[in-house]
Amino acid sequence: MTSSIVKTVCPFCGVGCGICLKIDKQGNLTGVEPQANHPISHGKLCEKGWSTAYAIRPDNRITQPLKRIKDQFVPISWDEALTTISETVSDILNETGAKAVGVISSARATNEDNYAAQKFARAVLKTNNIDHCARICHSPTVAGLKQALGSGAMTNSTKDLFETDVIVVIGADPTENHSVLGGQVFEAQRRGAKLIVIDPRVTRLAKVADWHLQLKLGTNIALINAMLQVIIEHQWHDKDFIEQRCEGFDELARNVATVTPESVEECTGVSAELIRIVAQLYSQAKSAMILYGMGITQFVSGTQNVIALADLALVCGHIGRPGTGINPLRGQNNVQGACDMGCLPNVYPGYQAVDDPAVRQKFSQAWGENVADQPGLTSLGMTKATLAGDFRALILFGEDPVVTDPDQNHVKEALKALDLLVVAELTMTETAKLADIVLPAASFAEKDGTFTNCERRVQQISQALAPFGSAMGDWQWLSALAAKLGSQQLNWMSSEQVFEEMASLTPSYQGMSYDEISRSHGIQWPCNNDAPQGTQVLHRDTFPIGKAKLTPVHYVEIDEPADEQFPLLLTTNRLHFHYGCGSMTRKSPLLERETPAGILFINPKDAQALNIQLHSPVAVRSRRGYVETRAMLTNDVPPGLVSMPYHFKEAPSNQLTNTAQDPITKMPELKACAVQVYRLPEGQEPQDIQHLLEEE
């Protein structure tokens with residue numbers, strides 16, 4: 001056996017960089033390098049990508065199924081694990097019905113795994129109780145853009161950054177979260193594009209931006225409506241585009257007529273003059289491109305925020321052409337794909353509605369099974385139903401809601417109340433520690449499949465390593481579990497067979513095959529008879545709903561403003577060197593060295609008032625929880641605002657965050673809650689809150 005290089009896709013953020021895994025003669029992963037000619041990453045990787053080998057290395061991997069017996073996990077065989085799960089699930093189905101069981105799939109798993117998960121829920125368990133982490137990141141994108149445009153995805157391609165005149169980055173921090181793409185924004189600005197950053201924090205891009213609008217937390221709609229007022233008042237809108245391709249303009253114009261820049265100065269904290277400058281720059285540019293992230297979506301107004309951005313782009317005609325569009329930056333490597341696969345309680349693969357009788361008939365006929373006729377529970381809905389005694393069994397893989405979901409104590413209480421919790425994972429995450437059965441999952445390097453990145457590019461991953469221990473790919477153990485439950489619905493022999501079935505039922509994927517994806521270095525959906533080579537720019541001539549819908553939206557205040565008891569606002573952020581719940585990046589000594597523990601970013605003025613110095617041990621308390629960490633003094637957050645990352649189980653920001661939800665998508669308001677901060681007594685070190693909770 002000789003050493004080899006296997007081309008695949010980075011397993012971290014939604015940019016979808018190309019990487020090469022270096023495998024030695026013994027079949028061990030020895031290193032990672034970038035793909036030189038990759039169409040997105042162009043021979044570059046961020047620090048996380050370079051550290052991929054650490055994320056899947058053998059130490060602390062789960063190697064065989066485990067069963068909880070009292071407070072201990074005991075190794076068991078796959079047969080015993082699947083038999084235990086199937087018997088318990090069958091009992092619950094017989095006693096309570098399909099409403100009491102559900103599945104949470106993973107934005108880190110392949111399209112094939114996610115397709116299998118939703119089919120398992122719908123065709124085997126007979127429930128639409130299927131969801132994944134898009135619920136708490138980009139569900140407002142799916143809902144908002146689908147309403148406005150007919151499609152809830154990035155409209156353009158990342159290469160369009162080099163074809164635009166103006167780049168607007170709002171509620172996103174791509175140098176931290178999407179580093180290779182963030183670097184491309186820097187480069188596009190260097191080549192002449194004007195850069196506008198709209199963010200409460202002074203991000204790295206904000207520091208180099210041509211204009212930084214440092215708005216107050218959660219005031220996005222007020223700001224965008226004021227921009228629209230200026231644009232319409234000065235006749236800077238694209239009249240021809242609006243007349244030919246939009247409806248609802250008159251009502252939108254009436255809605256914003258009185259929302260002048262002066263009227264929102266105090267609310268947003270942005271000067272009327274700056275609002276006017278940016279409104280003119282964006283509207284009068286030949287081409288302008290919007291990039292946004294969870295600083296738009298993770299609010300009770302999340303869907304309305306997305307609609308406001310769509311209104312702005314449509315009114316200016318900045319859509320349907322290269323260098324334009326509305327472009328959500330997806331956080332995880334396959335969050336776009338997991339949504340495309342229908343791992344949501346209200347849609348089948350390809351966003352085909354579960355409450356549409358024709359769609360139900362299509363999938364019932366294709367699968368030879370009757371399917372549920374009611375939308376299912378969201379992930380947070382499952383938590384609520386469990387605490388009400390109405391939900392009893394959850395099968396979950398590749399997610400760690402104990403660390404990533406809002407109000408950690410609430411989540412843990414619900415998971416502990418389940419009759420059955422099954423978790424498939426690489427390592428023993430905080431959620432896996434609560435499971436009744438833990439299953440060993442294969443990593444991205446140990447299986448074949450596809451990922452779909454944020455620009456809708458479907459790319460192949462190729463198996464480079466043998467699965468560690470007795471680990472399986474998720475579609476494989478789901479298939480085996482379905483068989484234990486007496487169903488042959490998931491009876492595939494390869495990931496390619498899974499993909500072929502999925503593509504046949506998903507209009508935007510119908511023209512794709514493994515061979516063509518490999519040959520083309522990935523294909524951007526929709527790919528079908530109308531677009532056999534895929535689609536780089538959506539909505540060139542028409543929208544899926546005919547004319548785009550301009551929709552008036554109104555500013556909604558955050559659910560929990562600061563007050564006398566909790567005088568500071570907390571927002572959440574991510575760090576350049578870490579990812580998600582930290583279960584992958586924190587295995588790397590190189591990344592861990594950079595930010596080895598949780599931190600609280602606080603303005604020096606607030607710190608001085610609280611007698612807090614750099615690296616002081618501090619306590620942070622909200623109405624829901626309490627954490628201890630260390631202070632990082634920085635002017636990157638304004639007075640009155642503090643910020644915490646959620647990567648660190650020792651100091652989990654989701655002990656604190658608010659569960660108030662966007663009424664349309666049930667997105668929790670993770671970006672804003674009220675807290676109090678105080679310095680810990682001299683000599684007292686921050687305590688590992690997760691450890692303390694486990695002891696309780």
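# Briefing: folds, contacts and rings

A482 is buried, with a relative accessible area of 0%. Here, buried means under 20% relative accessible area, exposed means over 50%, and partly exposed lies in between (1.4 Å probe, protein chains only). A482 belongs to this predicted model, in which local features need pLDDT of at least 70, side-chain atom pairs count only at pLDDT 80 or more, and totals for chains, interfaces and linings use all residues. Residues are numbered from 1 along each chain as its sequence is written, and side-chain values use heavy atoms, with hydrogens and water left out.

**The whole protein**

- The protein holds 26 helices and 28 strands. Both are DSSP runs numbered from the N terminus: helices are H or I with at least four residues, and strands are E with at least two.
- The radius of gyration is 24 Å, close to the 26 Å that the globule rule gives for 696 residues, so the protein is as compact as a globular protein of that length. The radius is taken over C-alpha atoms, and the rule is 2.2 Å times the number of residues to the power 0.38.
- Along its principal axes, the C-alpha trace spans about 70 × 70 × 55 Å.
- Of the 696 residues, 64% are buried.
- Take the contacts with a separation of 6 or more: 74% of them join residues 24 or more positions apart. A contact means heavy atoms within 4.5 Å.
- About 24800 Å² of the protein is exposed, and carbon and sulfur atoms supply 48% of that area. Accessible areas come from the Shrake-Rupley method with a 1.4 Å probe; for residues, only the protein chains shown count as cover.
- There are 60 positive and 78 negative side chains, and the centres of the two sets lie 3 Å apart. Lys and Arg count as positive, Asp and Glu as negative; His and the chain ends are not counted. Each charge is placed at NZ of Lys, CZ of Arg, CG of Asp or CD of Glu.

**Aromatic rings**

- Rings of Phe, Tyr and Trp (its six-membered ring) pair if their centres lie within 6.5 Å; planes under 30 degrees apart are stacked, over 60 edge-to-face, and the rest tilted. This rule gives eight aromatic pairs.
- Y348 and F363 form a stacked pair, because their ring centres are 4.4 Å apart and their planes meet at 10 degrees. Y348 sits in strand β14 (residues 347-348) and F363 in helix α17 (residues 357-367), so the pair ties together parts 15 residues apart in sequence. Both Y348 and F363 are buried.
- Y348 also pairs with W367: the centres are 6.1 Å apart and the planes at 55 degrees, so this pair is tilted. It links distant parts of the chain, from strand β14 to helix α17, 19 residues apart. Y348 and W367 are both buried.
- Y115, W475 and W492 form one aromatic cluster.

**Buried residues in helices**

- A482 lies in helix α21 (residues 474-484). Beyond residues up to four places away in sequence, A482 touches F120, V124, S487 and L490. A482 and L125 are 357 residues apart in sequence, yet 8.9 Å apart from C-alpha to C-alpha.
- N111 is in helix α4 (residues 111-125). N111 counts as buried, at 0% relative accessibility. The C-alpha atoms of N111 and W475 are separated by 9.7 Å, with their positions 364 residues apart along the chain. With residues up to four places away set aside, N111 touches a list of residues including N334, M341, F451 and Y509.

**Buried residues in a strand and a loop**

- L420 is found in strand β17 (residues 420-425). Its relative accessible area is 4%, so L420 is buried. L420 and R392 are 28 residues apart in sequence and 6.6 Å apart, C-alpha to C-alpha.
- H178 occupies the loop between α6 (174-177) and α7 (179-190). At 3% relative accessibility, H178 is buried. Outside its neighbours within four places in sequence, its contacts include C13, L329 and R574.

**Backbone details**

- The peptide bond from W525 to P526 is cis, with omega near 0 degrees. P526 lies in the loop between β21 (523-524) and β22 (548-549).
- H539 is in the loop between β21 and β22. H539 is not a glycine, but its phi is positive, near 65 degrees. H539 is buried, with a relative accessible area of 8%.
- Y351 is not a glycine either, and has a positive phi of about 60 degrees. Y351 sits in the loop between β14 and β15 (352-353). At a relative accessible area of 15%, Y351 is buried.
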